[in-house]
Amino acid sequence: LALVTLNNKSGFIDKTGKEVIPCKYEYAGYFFEGLAQVGLNNKFGYIDKTGREVIPCKYNGTNNFKEGLAAVNLNGKWGYIDKNGRETCPYKYDWVYDFFKGLAKVKLNNKYGYIDKTGKEVIPCIFDGITYNNQMFYVKFRGKYGCINQLGDMFVPCIFDIAPCLEDGKIKMVNDGIITIYSIEGEIIY
């Protein structure tokens with residue numbers, strides 16, 4: 001289906017140009033995992049490819065579905081729902097990101113962490129910054145950088161001035177111009 005806009009309203013047409021989903025929405029997004037975001041009266045929900053409103057337009061904000069879940073905002077707080085509209089993670093976060101490999105970055109009280117698909121905080125929201133790099137998390141805590149593993153164990157302490165860099169399976173850290181190289185297991189190589 002192709003997204004179209006007519007008289008400032010959005011809907012969808014098929015390959016022949018036939019209107020499949022009427023142009024009645026103030027906002028419509030592309031289909032992800034079989035559902036598209038739509039908006040009516042400044043509230044957002046999701047429709048399927050037949051135009052059926054699968055999840056009612058009751059949210060203040062919505063993101064696309066990724067890995068079976070979508071981030072939604074209800075009354076100023078973000079959480080996640082499944083494709084049936086069931087809450088999988090409570091609406092408590094200030095900001096959330098899409099799931100990637102079963103984890104999603106979240107922000108609570110200006111601190112970052114990661115949750116799994118059940119809403120469990122795998123990495124608690126205590127960091128000033130956090131980035132996932134397939135094997136580990138680069139974290140910033142009280143202005144210094146370090147690394148933690150997927151279990152939340154810190155293996156490179158947050159004592160470095162410059163964010164880590166992963167090169168050839170080794171973690172390069174810099175402090176006061178001195179370079180320290182760690183293995184991904186946290187052992188100092190040099």
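Start with the open sheet in this predicted model: four strands sit in the order β12-β13-β14-β15, and their pairing is antiparallel. Select residues 95-96 for β12 and 121-127 for β15, and you have the edge strands, each of which pairs on one side only. Strands of a sheet pair through backbone hydrogen bonds, either parallel or antiparallel. To see one such pairing up close, add β14, residues 111-115, which runs antiparallel to β15 and is joined to β15 by three bridges. Show Tyr114 and look across to β15, where Ile123 is its bridge partner.

**Next stop: two hairpins in a row**

Now select residues 35-40, strand β5, together with residues 43-47, strand β6. These two pair in the antiparallel sense over five bridges. Click on Leu40 and then on Lys43 in β6, its bridge partner. How many residues lie between β5 and β6 in this hairpin? There are two, and Asn41, in the turn, has a positive phi of about 55°.

Keep β6 on screen and add β7, residues 53-59. β6 and β7 run antiparallel and are joined by three bridges. Ile47 is the residue to highlight here, with Glu53 in β7 as its bridge partner. This hairpin has five residues between its strands, and the one to pick in the turn is Gly51, whose positive phi is about 95°.

**Then the cysteines**

A disulfide is a covalent bond between the sulfur atoms of two cysteines. How many disulfides does the structure hold? The count is zero. Select Cys89 and Cys125 to see why: the closest cysteine sulfur to that of Cys89 is in Cys125, 9.5 Å away, and that is too far for a bond, since a disulfide needs the two sulfur atoms within 2.5 Å. Cys147 is in no disulfide either; the nearest cysteine sulfur belongs to Cys158, at 8.1 Å. Are Cys89 and Cys147 buried or exposed? Cys89 is buried, with a relative accessible area of 1%, and Cys147 is buried too, at 0%.

**Last stop: Thr180**

Finish by selecting residues 178-183, strand β22, and centre the view on Thr180 within this strand. Thr180 has a relative accessibility of 17%, so it counts as buried, the cut-off being under 20%. Which residues does Thr180 touch, leaving out those up to four places away in sequence? Show Phe160, Ile171, Lys172, Met173, Ile188 and Tyr190 as sticks, and you have its contacts. For one of them, Phe160, try a distance label between C-alpha atoms: Phe160 and Thr180 are 20 residues apart along the chain, with 9.5 Å between those atoms.

Methods. Residues are numbered from 1 along each chain as its sequence is written. This is a predicted model: local features need pLDDT of at least 70, side-chain atom pairs count only at pLDDT 80 or more; totals for chains, interfaces and linings use all residues. Side-chain values use heavy atoms; hydrogens and water are left out. Two strands pair if DSSP finds at least two bridges between them. Buried means under 20% relative accessible area, exposed over 50%, partly exposed in between (1.4 Å probe, protein chains only). Contact means heavy atoms within 4.5 Å.
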